[in-house]
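Colleague: I should like to go through this structure with you, one topic at a time. Could you take my questions as they come?

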Amino acid sequence: MSTTDDLLAEIFAGLPAALYAEFEEWLRQSRRFQAFATVYRAKIRAKLRNARDAGGLLDVRAELATAARLLREERFSLEYEAYAAAKQRGPDFTVTYKTHTRFNVEVRRVRAVEATDGDDEAHAARLMAVLLDKVGQMPPSIVNLLWLIADAETTEADLIRAATTLRQLAERKTEEFFTRRGFESAADYLGRYRRLSGVVLPQSEEMIIWLNPLARHPAPADIVTALRRLGA
């Protein structure tokens, strides 16, 4: 058997084949993704095995699809759950650009039931909930990007609306809103929000990238340019 066949057999043996065909395509299309999958084959197998339902499998798919897309850029190299290996909560991927500039990418699938397509206010509320959840996962002293894979249509305007609403609530010191959601205070949320450098919303033919104007560590322009090229 080929290296690809061996890898597929090792990862998927005895598991449902729901993602098999797409994963195989990623392997055969990209030597870089194949190298990534080889290094992290035990982790990938464990994630597939531990997915509780179809939605859980789609969450795993979102992470793997993100890895496949990031690895289209030859100047990116990936570490998978580097913070978890150190027993810390952190983003899914740590990316090194040109061997020296590191940044984090946290992947979150916004499920169709969460997206509430057709209801702008409910959709904004769900995006706000995602931001509230994920800013707490962003480490300090590094560029952090949130990579959203939305089951229903989501626009840059939706992202701006959600982020702006939360920022305004924090700046008005609406304390109860944030303490009920696990933050010590509105100021605590705002401090964590500044760790978020931006949000990436991949589309089939473009990359929507929203950059946080309050970010303590803004995403460098050359990294943003490289990410935008992934939509071509």
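Colleague: Which residues form one aromatic cluster?

Modeller: The cluster consists of Phe12, Tyr20, Phe23, Trp26, Phe33, Phe36, Tyr40, Tyr80 and Phe93. Please bear in mind that this is a predicted model.

Colleague: What does Phe36 touch, leaving aside residues up to four places away in sequence?

Modeller: Phe36 is in contact with Ile44, Ala67, Leu71, Leu78, Tyr80 and Phe93. Two of these, Tyr80 and Phe93, are also members of the aromatic cluster.

Colleague: And which residues touch the most other members of the largest nonpolar core?

Modeller: They are Phe23, Phe33, Phe36, Ile44, Trp147 and Leu227, in a core of 46 residues. Helix α5, residues 54–70, gives this core its largest share, eight residues. There is also a second, separate core of 28 residues, with Met128, Leu169, Leu190 and Val199 among them.

Colleague: Leu227 belongs to helix α12, I believe. Which residues of that helix are buried?

Modeller: In α12, which spans residues 221–229, the buried ones are Ile223, Val224, Ala226 and Leu227. They lie on the same side of α12, because the arc they cover around the axis is only 160 degrees. In general, nonpolar side chains tend to be buried together in soluble globular proteins.

Colleague: Back to the rings. How many aromatic pairs does the structure hold?

Modeller: It holds 18 aromatic pairs. One of them joins Phe76 and Phe103 in an edge-to-face arrangement, with 5.6 Å centre to centre and 70 degrees between the planes. Since Phe76 is in strand β1 and Phe103 in strand β3, the pair ties together parts that are 27 residues apart in sequence.

Colleague: Are Phe76 and Phe103 buried or exposed?

Modeller: Both Phe76 and Phe103 are buried. Another pair is formed by Phe178 and Phe183: the ring centres are 6.4 Å apart and the planes stand at 80 degrees, so this pair is edge-to-face. Phe178 and Phe183 are buried as well.

Colleague: Why does 80 degrees make that pair edge-to-face?

Modeller: Because planes over 60 degrees apart count as edge-to-face.

Colleague: Now the backbone. What is phi of Glu81?

Modeller: Phi of Glu81 is near 55 degrees, a positive value in a residue other than glycine. Glu81 sits in the loop between β1 (76–80) and α6 (82–85). With a relative accessible area of 17%, Glu81 counts as buried, because the cut-off is under 20%.

Colleague: And Thr99, where is that found?

Modeller: Thr99 is in the loop between β2 (93–97) and β3 (101–110). Its phi, near 70 degrees, is also positive in a residue other than glycine. Thr99 is exposed, however, at 76% relative accessibility.

Colleague: Let us turn to the whole chain. How many helices and strands are there?

Modeller: The protein has twelve helices and six strands. Its C-alpha atoms fill a box of roughly 65 × 40 × 35 Å along the principal axes.

Colleague: What is the radius of gyration, and what would a compact globule have?

Modeller: The protein has 18 Å; for 232 residues a compact globule would have a radius of gyration near 17 Å, so the two agree.

Colleague: What about burial and surface overall?

Modeller: Buried residues account for 50% of the 232 residues. The exposed area is about 11,500 Å², of which carbon and sulfur atoms supply 48%.

Colleague: Finally, what share of contacts joins residues at least 24 apart?

Modeller: That share is 60%, among contacts between residues at least 6 apart in sequence.

Key: Residues numbered from 1 in each chain as written. Heavy atoms only, no water. Buried < 20%, exposed > 50% of the residue type's maximum accessible area, 1.4 Å probe, protein only. Helix = DSSP H or I, 4+ residues; strand = E, 2+ residues; numbered from the N terminus. Arc of directions from axis to C-beta. Core = buried A, V, L, I, M, F, W, Y, C linked by side-chain atoms within 4.5 Å. Contact = heavy atoms within 4.5 Å. Rg over C-alpha atoms; globule rule 2.2 N^0.38 Å. Areas by Shrake-Rupley, 256 points an atom, 1.4 Å probe, with all protein chains shown as cover. Phe/Tyr/Trp six-rings, centres within 6.5 Å; stacked < 30°, edge-to-face > 60°.
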